[in-house]
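User: I'd like to understand the labels on this model, not just read them off. Could you walk me through the reasoning behind each one?

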Amino acid sequence: MSVKVAVVYYSSTGAVHQLAQAVAEGAEKAGAEVRLRRVPELAPDAAIDANPAWRAHVDATTDVEVAALDDLEWADAYALGSPTRFGNVAAQLKQFVDTTGGLWQRGVMADKPATAFTSAHNVHGGNESTLLALYNTFHHWGSVIVSPGFTDPAVYAAGGNPYGTAHPGANGAPAENVLAAARYQGTRLATIAKRLKGLAVD
Ligand SMILES: Cc1cc2nc3c(=O)[nH]c(=O)nc-3n(C[C@H](O)[C@H](O)[C@H](O)COP(=O)(O)O)c2cc1C
């Protein structure tokens, strides 16, 4: 028996999408069954078309399954990812989170480990405030927050962010050091989920 991890994210231009894939890989490496899910796009086509990178990403990810509340029921652990929007969570991901009231009332997310990852254009452009905003939700869900801390060299190699993997978009697409930190975060989440279920860990 293993654990089930839901990686739920929003991405306009692909950085958080790449982080989400890396978190999913890390969780799978720890033996987890993973659902990688994007939340629905809410922006009008006119806004998307005004940014070729945004349009290209939307068109390239139509095959990624869309997140549903059932994914949160199914999972033993959660990883949420969002780009920074003025230091906060993107409305698209927040909209999905704001549909979880019924699950929250039934305690579906309670006692389950949860973690978050993000990307902002600037190194100091709101990465940490975005992660902490996502962690506010986890507090309300009653989840067990599993931030990376300084528990692995991969965290330092990606810039030393103990709150969660954070990619500075100004550097271009996430480089291997950042993807490695995201994979580590996924592995750590799945490993702690296993421990909480009393399962053996490697
Ligand atoms: C409306 C809007 C607000 C943003 N706010 C910030 C911000 O506060 N700080 C920052 O560094 N980047 C900001 N960005 C840039 C994105 O967070 C950044 O490009 C991120 O890497 C995009 O991730 P994605 O490729 O997954 O969409 C903003 C972008 C948009 C469109």
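Analyst: Gladly! A helix here is a DSSP run of H or I with at least four residues, and helices are numbered from the N terminus. D71 sits in one of these, helix α4 (residues 69-74). Do keep in mind that this is a predicted model.

User: Why is D71 called buried or exposed, whichever applies?

Analyst: The relative accessibility of D71 is 3%. The label buried is for anything under 20%, so D71 counts as buried.

User: What makes the pairing of D71 with R35 a polar contact?

Analyst: The cut-off is 3.5 Å between N or O atoms. The side chains of D71 and R35 make their contact at 2.7 Å, so the pair qualifies. The side chain of D71 also has a polar contact with that of R37, at 3.5 Å. That value still passes because the limit is 3.5 Å.

User: Which residues does D71 touch, leaving out those up to four places away in sequence?

Analyst: D71 touches A6, R35, R37 and V66. Touching means heavy atoms within 4.5 Å, so this is a broader test than the polar one, with its 3.5 Å limit.

User: Let's turn to the ligand. Which residues come nearest to the ligand?

Analyst: There are 17 residues around the ligand, and S11, T13, T84, S119 and G125 come nearest. The shell takes in any residue with a heavy atom within 4 Å.

User: How do you know that S11, S119 and G87 have polar atoms within reach of the ligand?

Analyst: From the distances to ligand oxygen atoms. For S11, a polar side-chain atom lies 2.6 Å away, and for S119 an N or O atom of the side chain is at 2.7 Å. G87 uses its backbone instead, with an N or O atom 3.2 Å from a ligand oxygen. The protein buries 74% of the 650 Å² that the ligand exposes when taken alone.

User: Which elements supply the shell, and what kinds of residue make it up?

Analyst: α1 (15-29), β3 (77-85) and β5 (113-120) each give at least two residues. β3 has the largest share, with 3 residues. By type, the shell divides into 11 polar, 5 nonpolar and 1 charged. Glycine goes in the polar group under this scheme.

User: Why does the length of α9 agree with what is expected for a helix?

Analyst: Helix α9 (residues 176-196) has 21 residues, which at 1.5 Å a residue should span 30 Å; the end C-alpha atoms are 30 Å apart, so the two agree. After α9 comes G198, with a positive phi near 75°. Helix α7 (residues 127-141) passes a similar check: its 15 residues reach 22 Å, close to the expected 21 Å. Just after α7, G142 has a positive phi of about 80°.

User: Which residues of α7 are buried, and why is E128 labelled as it is?

Analyst: The buried residues are N127, T130, L131, A133, L134, Y135, T137, F138 and W141. E128, also in α7, has a relative accessible area of 39%. Buried needs under 20% and exposed needs over 50%, so E128 is called partly exposed. Beyond its neighbours within four places, E128 is in contact with N161 and Y163.

User: What makes F86 and D111 stand out, and why do they get their accessibility labels?

Analyst: F86 is not a glycine, yet its phi is positive, near 50°. D111 is another non-glycine with a positive phi, about 70°. F86 is in the loop between β3 and β4 (88-89), while D111 is in the loop between α6 (101-105) and β5. The cut-off for exposed is over 50%; F86, at 88%, is therefore exposed, and so is D111, at 62%.

User: Last one: why is V155 called buried or exposed?

Analyst: V155, in helix α8 (residues 153-157), has a relative accessibility of 4%, so it counts as buried, the limit being under 20%. V155 touches P148, G149, F150, G160, N161 and Y184, not counting residues up to four places away in sequence.

Technical notes:
Residues are numbered from 1 along each chain as its sequence is written. Side-chain values use heavy atoms; hydrogens and water are left out. A polar contact is a pair of N or O atoms within 3.5 Å; within protein, one must be able to donate a hydrogen and the other to accept it, and residues adjacent in sequence count only if both atoms are side-chain atoms. Accessible areas come from the Shrake-Rupley method with a 1.4 Å probe; for residues, only the protein chains shown count as cover. The expected span of a helix is 1.5 Å times one less than its number of residues. Buried means under 20% relative accessible area, exposed over 50%, partly exposed in between (1.4 Å probe, protein chains only).
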